[in-house]
Amino acid sequence: LQGYRSACHWAWRHHLPRFGAIPVAERVVRDRNRLSGGGVTAGIDFGLTLAAELCGAELAQTLQLAFEYDPQPPFDSGTPEKAGPERVARLQALQAPRFAEVEPLIERAAAALAASA
């Protein structure tokens with residue numbers, strides 16, 4: 001990812017620079033020969049984008065119809081910016097044990113990447 005723009009889930013985006021990536025708050029990011037996606041539901045957008053790239057827009061649109069993918073969320077709080085700082089802080093507090101468990105793994109992976117460069 002060195003020097004590439006990249007998407008990922010907002011809670012982990014701040015780690016991307018440790019792997020040489022340029023963090024982007026988008027659902028799907030195409031940068032040269034790299035394609036990345038944001039959080040869980042962005043995986044559908046990512047998959048449809050990849051399907052269009054590999055097989056054409058017609059197939060991707062047919063897949064979208066087959067999935068009946070027509071997002072109309074009942075709330076507008078799907079990003080930290082829209083959810084607001086209080087809700088983000090509550091979710092981060094709930095996820096703190098998971099973050100603490102994963103942080104050392106990210107540290108080791110970043111160190112291994114740096115050592116191999």
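**Close-up views of a predicted model**

**View 1. A two-residue turn links strand 3 and strand 4.** In this predicted model, R30 of the hairpin stands opposite L35, which belongs to strand 4. Strand 3, covering residues 28-31, and strand 4, covering residues 34-37, run antiparallel and are joined by four bridges. Within the turn of this hairpin, R32 has a positive phi of about 50°.

**View 2. Helix 1 and helix 2 cross in a right-handed manner.** The axes of helix 1, residues 42-55, and helix 2, residues 57-67, come within 7 Å of each other and cross at roughly 145°. On the side of helix 1 the contact is made by L48, A51, A52 and C55, and these meet A57, L59, A60, L63, Q64 and F67 of helix 2. Sorted by class, the residues in this contact comprise nine that are nonpolar and one that is polar, with no charged residues.

**View 3. The largest nonpolar core of the model consists of 10 residues.** Its members are C8, W10, A11, W12, L16, A21, A83, V88, F99 and I106. Helix 4, which spans residues 85-116, gives the most to this core, contributing three residues. In soluble globular proteins, nonpolar side chains tend to be buried together.

**View 4. The surroundings of A83, one of the residues of the largest nonpolar core.** When neighbours within four places in sequence are left aside, A83 is in contact with S77 and V88, and of these contacts V88 is likewise listed among the residues of the largest nonpolar core.

Note on methods
Residues are numbered from 1 along each chain as its sequence is written. This is a predicted model: local features need pLDDT of at least 70, side-chain atom pairs count only at pLDDT 80 or more; totals for chains, interfaces and linings use all residues. Side-chain values use heavy atoms; hydrogens and water are left out. A nonpolar core is a set of buried Ala, Val, Leu, Ile, Met, Phe, Trp, Tyr and Cys residues joined through side-chain atoms within 4.5 Å. Buried means under 20% relative accessible area, exposed over 50%, partly exposed in between (1.4 Å probe, protein chains only). Contact means heavy atoms within 4.5 Å. Two strands pair if DSSP finds at least two bridges between them. Axes are lines fitted to C-alpha atoms, for helices over the stretch in contact, and angles run from 0 to 180 degrees between N-to-C directions. A crossing is left-handed if the near helix is turned anticlockwise from the far one by less than a right angle, and right-handed if clockwise. Ala, Val, Leu, Ile, Met, Phe, Trp, Tyr, Cys and Pro count as nonpolar, Asp, Glu, Lys and Arg as charged, and the others, Gly among them, as polar.
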